[in-house]
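Colleague: Could you put the model up so we can go through it together? I have a handful of questions.

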Amino acid sequence: MSIKEKSSYCLSCKSKNCMKGCPLSNDITDAIKYVKEEEYEKAYNKFLETTVLSSICGRICPHTKQCQGSCIRGIKGDAVDIGSIESFVGDYGIQNDIKITNFEEYKKIDKKVAVIGSGPCGITCAATLKRLGVSKVTLLEKKNYLGGLLVHGIPEFRLPKDIVDSVYQKIITDLDIEVKLRIELGKDITIENLMKEYDSIFLAIGANTSSKMGIPGEELDGVYGGNELLEYKNFPDFKNKNVVVSGGGNVAMDTARTIKRLGADKVYVVYRRAEEQMPAEKIEIKEAKLEGIEFVFLNNIVKIIGKDKVEKIECIKTKLIENQGERPYPVNIEGSNYTIDTDYVVMAIGSKLDNDVLTEIKRNDWGKIQIDEKYRTNLNGVYAAGDLAGVKSTVAYASNSGKEAAKSIYEDLING
Ligand SMILES: Cc1cc2nc3c(=O)[nH]c(=O)nc-3n(C[C@H](O)[C@H](O)[C@H](O)COP(=O)(O)OP(=O)(O)OC[C@H]3O[C@@H](n4cnc5c(N)ncnc54)[C@H](O)[C@@H]3O)c2cc1C
Ligand code: SF4
């Protein structure tokens, strides 16, 4: 279907339910109206009111759980394909170099803010601060590239890196953001030192350490964390090997599909609930199945077995118990244990913040950075958001928290 056909399918309804489903509150209905009229520059500017990441979010947002999940068209048939319309408009803006400009109604202020971490949260915060009128914003990043999980999490086959690059280059150039690469907070710089140079500090360093299951055998050679495998790409030789991936979300899907592409013979995804409860997008599951990934639903891994290295896993079957409107929870079926032979096991059951970083800042009960409703941490002038602060972990939610945090930082700076 062409973009014209896709946009014509939108009913331009007044209720704008899709906007309510979008974490960034994009005014999708009005943007699509412009697309229908082939006024692409106006459509791009409409998205720019709330987001600088259209080309990225349009491609990788879990649309069925966000904007498209609230589309009225979706009640009786297919929802409007908002994602591909948004990425088309975002790409148009980049290809035609439509400038990202400042928000006009805000007063310029002569202040310096440091943003640490260049994932979707950090870049959106930096962009919003500049658009609000903060004179100097510096983006500090420990890697030698920008983008965070957009580059070293989501694989190339779902989000091409040249797209991320062109989106970032445009934001940085149009808004004159200073960038410093290969600067690691905690190693090359400290919060204390930064406070001497900057008026405020915004932390957006993510939380990309794989959680563990806490089962026997997890320390064996051949057990990996999915987040680290994708980030550092220090893959063992998966060719013709059997691999078990534990989990049911984005990381599980991306790790399983990446490992299969690296030549593994069998890749099993073991998930303790049923397919309907998997947090991964339906399209991801469908594509993984087409690529030959085998799903073992309603199963829990209880032990990893091997002498020096992984040889097999012990599984137990589970059944689901109703949970008063919440997701049903799985319980093990006693005596249903069995084993699966495998060469490697990959943990992809969730991610957390490294315990050794930001020790001077208070954490919440889930081990993430504690923030108040204005994104302030317990340190005066230090703010945090995104995965690091336990914001719902999708790109649009991380980006929105960066945007909202920027507004708080700006207000606090204005009010002295
Ligand atoms: C494999 C995978 C697939 C995903 N797929 C999707 C998807 O399809 N759709 C979706 O919406 N969401 C997806 N997500 C979730 C999404 O990527 C995250 O929620 C989002 O990237 C969080 O943004 P962030 O800016 O908070 O953190 P990050 O993207 O993690 O960025 C943190 C940045 O901080 C830098 N940094 C870390 N430590 C330091 C330090 N000490 N000093 C300086 N810099 C530092 C990092 O290098 C990085 O650039 C996926 C996540 C993973 C892991
Ligand atoms: S940012 Fe994501 S959720 Fe919001 S409109 Fe765009 S694709 Fe949909």
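Colleague: Starting with ligand 1: which residue has a polar side-chain atom 2.8 Å from one of its oxygen atoms?

Modeller: That's R158: a polar atom of its side chain lies 2.8 Å from an oxygen atom of ligand 1. Two backbones come in as well, with an N or O atom of P120 at 3.4 Å from a ligand 1 oxygen and one of T394 at 3.5 Å. I'm listing these as polar contacts, pairs of N or O atoms within 3.5 Å; inside the protein, one atom must be able to donate a hydrogen and the other to accept it, and sequence neighbours count only when both atoms are side-chain atoms.

Colleague: And how much of the accessible area of ligand 1 does the protein cover?

Modeller: It covers 96% of the 1,000 Å² that ligand 1 has on its own. Those areas come from the Shrake-Rupley method with a 1.4 Å probe, and for residues only the protein chains shown count as cover.

Colleague: Before I go on, any ground rules?

Modeller: Sure. Residues are numbered from 1 along each chain as its sequence is written, while chains are lettered from A and ligands numbered from 1 in the order written. This is a predicted model, so local features need pLDDT of at least 70 and side-chain atom pairs pLDDT 80 or more, while totals for chains, interfaces and linings use all residues, and side-chain values use heavy atoms, leaving out hydrogens and water.

Colleague: Thanks! Which residues come nearest to ligand 1?

Modeller: I60, E141, R158, L185 and V395, out of 35 residues around ligand 1. To be in that shell, a residue needs a heavy atom within 4 Å. The split is 15 nonpolar, 13 polar and seven charged. Here Ala, Val, Leu, Ile, Met, Phe, Trp, Tyr, Cys and Pro are nonpolar, Asp, Glu, Lys and Arg are charged, and the others, including Gly, are polar.

Colleague: Which helix gives the most to that shell?

Modeller: α13, with three residues. At least two residues each come from α8 (120-132), α9 (149-152), α12 (226-232), α13 (250-261) and α15 (395-414). Helices are DSSP runs of H or I with at least four residues, strands are E runs of at least two, and both are numbered from the N terminus. The shell also takes at least three residues from each of domain 2 (109-207 + 353-414) and domain 3 (210-351), with bounds from an automatic or database domain assignment.

Colleague: Switching to ligand 2: what surrounds it?

Modeller: C22, P23, L24, N26, I28, C57, C61, H63, Q66, C67 and E86. Seven of the shell residues are nonpolar, three polar and one charged.

Colleague: Now β7. Why do you call it largely enclosed by the rest of the structure?

Modeller: Because five of the five residues in β7 (residues 242-246) are buried. Buried means under 20% relative accessible area, exposed over 50%, and partly exposed in between, with a 1.4 Å probe and protein chains only. N242, V244 and S246 point one way from β7, V243 and V245 the other. In a regular strand, side chains alternate between the two faces of the sheet.

Colleague: Do β7 and β8 run parallel or antiparallel?

Modeller: Parallel: five bridges join β7 to β8 (residues 266-270), and S246 has V270 as its bridge partner in β8. Two strands count as paired if DSSP finds at least two bridges. For the antiparallel sense, look at β11 (residues 312-323) and β12 (residues 326-332), which pair over five bridges. There N323 has E326 as its bridge partner, and Q324, in the hairpin with two residues between the strands, takes a positive phi near 40°.

Colleague: Where else should I look for a positive phi of about 50°?

Modeller: At S12, which is not a glycine. Most residues other than glycine have a negative phi. S12 sits in the loop between α1 (3-8) and α2 (17-21) and is partly exposed at 22%. E38 is another non-glycine, with a positive phi of about 60°, in the loop between α3 and α4 (40-48); its relative accessible area is 46%, which is partly exposed.

Colleague: Last one: how far is the C-alpha atom of L181 from that of E141?

Modeller: They are 4.9 Å apart, with their positions 40 residues apart along the chain. L181 is in the loop between β3 (178-180) and α11 (191-197), partly exposed at 30%.
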